[in-house]
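Grab your viewer and work through these exercises at your own pace. Each one sets a task and then walks through a solution.

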Amino acid sequence: MKRKAEKKRHILKAGLAVIAGMLLLAGTGCRSMIELAMMEKAARLEPKPMKVEEFCSEAEGYHYPGFRWGDDFSAFQRATDFSVTDMEGYTEEETVYTASELKVALLDRVNDAAAVGCRGKDLVAFVSLNYEKKANESEEFDTFAKALREQLVQTFGEPAETLEHNEEVNGKLYNYKTEFWRKLVGEKLTELQLGTATLPGSSSPNYLSIGVNFRTEEDTAQ
């Protein structure tokens with residue numbers, strides 16, 4: 001009986017050791033998966049270098065680099081290696097999403113925000129990169145805005161159209177200026193836009209955005 005009891009205790013200890021080992025391995029595995037997920041997210045948030053000339057190609061016209069017009073929202077997220085979870089709102093034609101993880105380094109400056117607009121059944125219709133002037137960087141922001149426009153003109157020529165209007169936002173009156181570059185590719189009218197918002201009396205914009213969109217001939221006729 002004594003030998004049987006000792007044998008049972010030995011088996012129990014062996015079983016507990018196996019379980020402990022399994023838990024240890026499982027714990028190590030969980031930590032590894034968590035670390036991997038954190039590394040993947042950090043990699044996604046690392047700004048991707050981008051050049052002005054990448055905003056246009058013969059096949060797609062003006063477009064977001066690495067993405068084809070006509071593909072859906074999921075394809076855009078795969079192509080740009082980021083995920084979107086926040087819906088910003090609606091326009092008459094599109095659903096707009098905040099793309100907080102879409103970070104690029106354009107002229108060595110990283111965008112502060114981004115947005116993606118979808119038409120119909122998740123058809124990506126526009127993408128914009130947005131920049132905001134920080135406190136005490138009026139000269140730096142103005143230099144960036146001028147350098148970006150100069151590169152756009154050098155690369156794509158003068159804009160096809162320029163629109164300006166004043167609008168009050170949060171109690172402040174801004175002058176909005178938007179310049180358009182356009183290229184027709186098949187039935188798609190593609191467009192590159194450079195927009196600024198400037199307070200009266202200031203030569204340096206407070207906000208800047210560069211974006212691309214497309215419309216079909218059917219959209220344009222509506």
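**Exercise 1: a residue in a strand**

Is R109 buried or exposed? Work it out, then list what R109 touches.

Before the steps, keep in mind that this is a predicted model.

Step 1. Find the residue: R109 sits in strand β7.

Step 2. Check the number. R109 has a relative accessible area of 16%, and the cut-off for buried is under 20%, so R109 counts as buried.

Step 3. Look at the company R109 keeps. Skipping residues up to four places away in sequence, R109 touches V104, Y131, E132, K134, E137, F141 and F144. Two of these, F141 and F144, turn up again among the buried residues of α3.

**Exercise 2: helix α3, end to end**

Take α3 (138-156) and test the span of its 19 residues against 1.5 Å a residue. Then sort out which residues of α3 are buried.

Step 1. The expected span takes 1.5 Å times one less than the number of residues, so the 19 residues of α3 should cover 27 Å.

Step 2. Compare with the model: the end C-alpha atoms of α3 are 27 Å apart, in agreement with the expected value.

Step 3. Now for burial. The buried residues in α3 are F141, D142, F144, A145, L148, L152, V153 and F156. They span an arc of only 160 degrees around the axis, so they lie on the same side of α3.

Step 4. Flip to the face turned away from that buried side, and you find the exposed residues E139 and Q154.

Step 5. Step off the end of the helix. G157 follows α3, and its phi is positive, near 85 degrees.

**Exercise 3: zoom in on L152**

Which residues does L152 touch, not counting those up to four places away in sequence?

Step 1. L152 belongs to helix α3, and its relative accessible area is 0%, which makes it buried.

Step 2. Its contacts, with those sequence neighbours set aside, are V52, G157, W181, L192, L194 and I210. G157 is the residue we just met after α3.

Step 3. Pick L194 from that list for a distance check. L152 and L194 are 42 residues apart along the chain, yet 9.0 Å separates their C-alpha atoms.

**Exercise 4: two buried loop residues**

Where do A99 and H63 lie, and what are they in contact with?

Step 1. Start with A99, found in the loop between β5 (94-98) and β6 (104-106). Its relative accessible area is 0%, so A99 is buried.

Step 2. Leave out neighbours within four places in sequence, and A99 is in contact with F82, V84, A114, A115 and V116. For a distance, try Q77: it is 22 residues from A99 in sequence and 9.8 Å away in space, C-alpha to C-alpha.

Step 3. Move on to H63, in the loop between β3 (61-62) and α2 (73-80). At 8% relative accessibility, H63 is buried too.

Step 4. With the neighbours within four places left out again, H63 is in contact with E54, F55, C56, S57, W69 and V212.

**Exercise 5: positive phi without glycine**

What are the phi values of D108 and N170, and are these residues buried or exposed?

Step 1. D108 isn't a glycine, but its phi is positive, about 70 degrees. N170 isn't a glycine either, and its positive phi is about 50 degrees.

Step 2. Place them. D108 is in the loop between β6 and β7 (109-110), while N170 is in the loop between β10 (161-169) and β11.

Step 3. Compare with the cut-off for exposed, over 50%. D108 has 77% relative accessibility, so it counts as exposed; N170 is exposed as well, at 78%.

**Exercise 6: the second largest pocket**

How many residues line the second largest pocket, and which element supplies the largest share?

Step 1. The space in this pocket is about 300 Å³. Its lining has 14 residues, with R149, K177, T196, T198 and P205 nearest the centre.

Step 2. Sort the lining by element. At least two residues each come from α3, β11 (172-185) and β12 (188-198), and α3 has the largest share, with four residues.

Step 3. Sort by chemistry: the lining holds four nonpolar, four polar and six charged residues.

Methods
Residues numbered from 1 in each chain as written. Predicted model: local features only at pLDDT ≥ 70, side-chain atom pairs only at ≥ 80, totals over all residues. Heavy atoms only, no water. 1 Å grid on protein atoms, 1.4 Å probe; cavity = no way out; pocket = protein on both sides within 12 Å on 5 of 7 lines; lining within 4 Å. Points joined across faces, edges and corners; volume = space filled by probe spheres on them. Nonpolar A, V, L, I, M, F, W, Y, C, P; charged D, E, K, R; others polar. Buried < 20%, exposed > 50% of the residue type's maximum accessible area, 1.4 Å probe, protein only. Arc of directions from axis to C-beta. Contact = heavy atoms within 4.5 Å.
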